[in-house]
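Please look over the sequence and the model shown here before reading on. The paragraphs below are meant to be followed with the structure in view.

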Amino acid sequence: PVQQREAILLFEVAGFRMQEIAELQKKSVSAVKTSVSRAREKVRRLLTDPVPHSPQTPIWATAKLLLL
């Protein structure tokens, strides 16, 4: 989901604090923590059990799956 992607990017990449993300997303800090946790789990699953990459699949399509 979009809010999970946004939350993990703001937290892990941009360095925002949970409180700041909560204010931006108009959610509670607890909800943001849940979103970040779920997004991390999704990334972890994708990295440990990736979609098979075939020569016909552009590399950008495979990389895009990590951000979904």
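What follows goes from the overall fold to the packing of the helices and then to a few individual residues.

The model is a predicted one, and its protein chain holds 4 helices and 0 strands, so that the order of elements along the sequence reads α-α-α-α. Of the 68 residues in the protein chain, 19% are buried. When contacts in the protein chain between residues at least 6 apart in sequence are considered, 36% of them join residues at least 24 apart.

A good place to begin is helix α3, which runs over residues 29-48 and comprises 20 residues. From its first C-alpha to its last, α3 reaches 28 Å, close to the 28 Å expected at 1.5 Å a residue. Which residues of α3 are buried? They are V32, S35, V36, A39 and L46, and because they cover an arc of only 95° around the axis, they lie on the same side of α3. The general geometry of such an element helps in reading this pattern, since an α-helix has 3.6 residues a turn, so residues three or four places apart point the same way. On the other side of α3, by contrast, S30, R38 and T48 are exposed.

Two of the buried residues of α3, V32 and V36, also belong to the largest nonpolar core, which has 7 residues in all and is completed by A7, L10, M18, I21 and A22. The elements that each contribute two or more residues to this core are α1 (2-13), α2 and α3, and the largest share, 3 residues, comes from α2. As a general background to such a grouping, nonpolar side chains in soluble globular proteins tend to be buried together. Within this core, I21 can be followed outward through its contacts: leaving aside residues up to four places away in sequence, I21 touches A7, L10, F11, F16 and V32.

How do α2 and α3 meet? Their axes come within 8 Å and cross at roughly 100°, which means that α2 is roughly perpendicular to α3, the range for that term being 65 to 115 degrees. On the α2 side the contact is made by M18, Q19, I21, A22 and Q25, and on the α3 side by V29, V32, K33 and V36.

The loop between α2 (18-25) and α3 contains K26, which has a positive phi of about 55° although it is not a glycine. This deserves a second look, because most residues other than glycine have a negative phi. K26 is exposed, its relative accessible area being 74%.

Back in helix α3, is S35 buried or exposed? S35 has a relative accessibility of 7% and therefore counts as buried, the cut-off for that term being under 20%. Not counting residues up to four places away in sequence, S35 touches Q3, Q4, A7 and K27. A7, one of these partners, is also a member of the largest nonpolar core.

Helix α3 also holds K42, which is partly exposed, with a relative accessible area of 27%. The C-alpha atoms of K42 and Q4 are separated by 9.8 Å, although the two residues are 38 residues apart along the chain. Q4 is also among the residues that S35 touches.

Key:
Residues are numbered from 1 along each chain as its sequence is written. This is a predicted model: local features need pLDDT of at least 70, side-chain atom pairs count only at pLDDT 80 or more; totals for chains, interfaces and linings use all residues. Side-chain values use heavy atoms; hydrogens and water are left out. The expected span of a helix is 1.5 Å times one less than its number of residues. Buried means under 20% relative accessible area, exposed over 50%, partly exposed in between (1.4 Å probe, protein chains only). The arc is that of the directions from the helix axis to the C-beta atoms. Contact means heavy atoms within 4.5 Å. A nonpolar core is a set of buried Ala, Val, Leu, Ile, Met, Phe, Trp, Tyr and Cys residues joined through side-chain atoms within 4.5 Å. Axes are lines fitted to C-alpha atoms, for helices over the stretch in contact, and angles run from 0 to 180 degrees between N-to-C directions. Angles under 35 degrees count as roughly parallel, over 145 as roughly antiparallel, 65 to 115 as roughly perpendicular and the rest as oblique.
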